[in-house]
Every structure is written in structure tokens, then in C-alpha cells.
Amino acid sequence: MPSIHRRCGPSKIQWLEQNSMKNGFKPGVHEKYGLYVGNWEYDTKQGKGKKSYKNKTVYEGDWVANKRHGFGVLTKKVDDHFVYVYEGQWINNRFAKGKWYEEGGIYDGSFSTAGNRIKCGYGTMRWNDGAVYRGHWRNNEYDGRGRLTEVNGNVYDGLWRNGLRHGEGVYVFKDKGQFMEGVWIGGELKLSTVRYVDEPDIARTHYLMPEISKSDEKSIREAYEYTKSETLKNL
């Protein structure tokens, strides 16, 4: 019976497919949304590369399986020059952790990869007018503990929920030299104690405080702590 010899290598069709695939560095490949210059692996953008999109944005950085993944920089052409849009880590085409250059300021921190350009986790936002927020975010809003320095220099340091002051916090009036400790619910101040920063022994009460027969630091503190504990039960 004659022996049957079979080829161990790829078929002619397979050989043609493999040799027609883009592999290694390519100086310029026109695609649907723009021009890509960089590395390929079996027809897939993989490794370092630069893509110039038709919408005048340019991404340069890491690619994995045709997606922006790893470290990369996104810029956009405005008039005759390019401006930064984002620089940092990417996961599956989405911002992960880095600097986002928004129109009103710069955000430096973490993002949710469940959506596109969603601030989530810890980050710092610096607005062009001078205001600064450092703290936790959720769905592009302050959420958790954070510190906001306003344009006028006043500072709130405390808890937030859905972009509003919610829970315990401290507010400092820069010009008045006052230090206010209180509880906020849904952005509304419910109770507080106020003292002058340069006169720590003087305390004053505002909002929902019980009557105090002796206005000294100790009695005010005790009354405040009691009312605060009662208020926090309803959060």
C-alpha cells in the first residue's frame, strides 16, 4: 500500500493569509477613522503606536488588541497648534488614571472604566479660577471625604454625597478668621459651633442648638456633641 505524505506546514491559503497580515512596524496605515503609524501583530494594533483621527485628535502610546491600553497621551488640534486632552493610564480605550485637561481646569486622579471620562475614586481638580478640590469622587461628583478650597480662600473639609456637603465637616472663613464645625445634610447646614481661630476659648452657637445656661467652651462642646449625634442618626 503506497504511503501517504501529508504536509506539516500551512496550506497555501493559510500561507497567503499570514503573509498578507500586518506585522511589525508600519509607517502609515489608513483606517476608517484616521491614520495609524506604529506596531502591528497579526493585523492588530499592538505595542507602541500613534493614531491621527479625522476629528483632529491624536493618540500616541500603548495599544493592546486594537485598543488604547496602557500609558498614552491624547491631544487635539486647535487652530494651528495642539493642546493636551489627557495623559495617563488607559484601560480598553477609556481613561483610568491620569490628567484630564478640561475646558474649566485640570483633573488629576482616577476614573471609572465602566463609562467614558467618569471621575471616580481619589483625585484633585484645579479650576482655572483658582478653586481646588482634593478628595473622593463618584460619577463626576464629590462623594466621600474631600477638601474644597473656594476662590475666596474659604475652605470646607469634610464629607460629601452626590456633590453636596453631607455629614460632618469643618468650614473655615478666611477673612473673618472663623472656624466652624458642623453637620450638613443634602448641602444644608443643620447645626454648628463657631469660634475664632485666634481666640480658641471663645465659642458661639448657631442653628439647632439647645439652650445653654453657661456659655463656656465645655458646655457648648457637650451640647454640640449630643445634638450632632442625634442629627447623624438620621443620615
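The protein exposes about 15100 Å², and carbon and sulfur atoms supply 50% of that area. Accessible areas come from the Shrake-Rupley method with a 1.4 Å probe; for residues, only the protein chains shown count as cover. The model is predicted: local features need pLDDT of at least 70, side-chain atom pairs count only at pLDDT 80 or more, and totals for chains, interfaces and linings use all residues. Residues are numbered from 1 along each chain as its sequence is written, and side-chain values use heavy atoms, with hydrogens and water left out.

**Exercise 1. Describe the overall make-up.**

Solution. Start with secondary structure. The protein has two helices and 16 strands. Helices (H or I, at least four residues) and strands (E, at least two) are DSSP runs, numbered from the N terminus. Next, take burial. Of the 235 residues, 33% are buried. Buried means under 20% relative accessible area, exposed over 50%, and partly exposed in between (1.4 Å probe, protein chains only). Last, take contacts, meaning heavy atoms within 4.5 Å. Among contacts with a separation of 6 or more, 9% join residues 24 or more positions apart.

**Exercise 2. Place Gly 105 and find its contacts.**

Solution. Gly 105 is in strand E8 (residues 105–112). Gly 105 counts as buried because its relative accessibility is 1%. Now set aside its neighbours within four places in sequence. Gly 105 then touches Trp 100, Met 125, Arg 126, Trp 127 and Asn 128. Finally, check a distance. The C-alpha atoms of Gly 105 and Gly 130 are separated by 9.1 Å, and the two residues are 25 apart along the chain.

**Exercise 3. Which residues form a positive surface patch?**

Solution. Begin with the rule. Patches are made of residues with over 30% relative accessible area and no salt bridge (a side-chain nitrogen of Lys or Arg within 4 Å of a carboxyl oxygen of Asp or Glu). Like charges are joined within 9 Å. Each charge is placed at NZ of Lys, CZ of Arg, CG of Asp or CD of Glu. Lys and Arg count as positive, Asp and Glu as negative; His and the chain ends are not counted. The patch holds Lys 56, Lys 76, Lys 77 and Arg 117. Now look at one member. Lys 76 lies in strand E5 (residues 67–78). Lys 76 is partly exposed because its relative accessible area is 39%.

**Exercise 4. Examine phi at Asp 43 and Asn 162.**

Solution. Most residues other than glycine have a negative phi. Asp 43 has a positive phi of about 70 degrees. Asp 43 sits in the loop between strand E2 (34–41) and strand E3 (44–53). Asp 43 is partly exposed, at 35% relative accessible area. Asn 162 has a positive phi near 55 degrees. The loop holding Asn 162 runs between strand E12 (155–161) and strand E13 (164–173).

Definitions and conventions: Patch = residues over 30% accessible without salt bridge, like charges linked within 9 Å, V, L, I, M, F, W, Y side chains within 5 Å.
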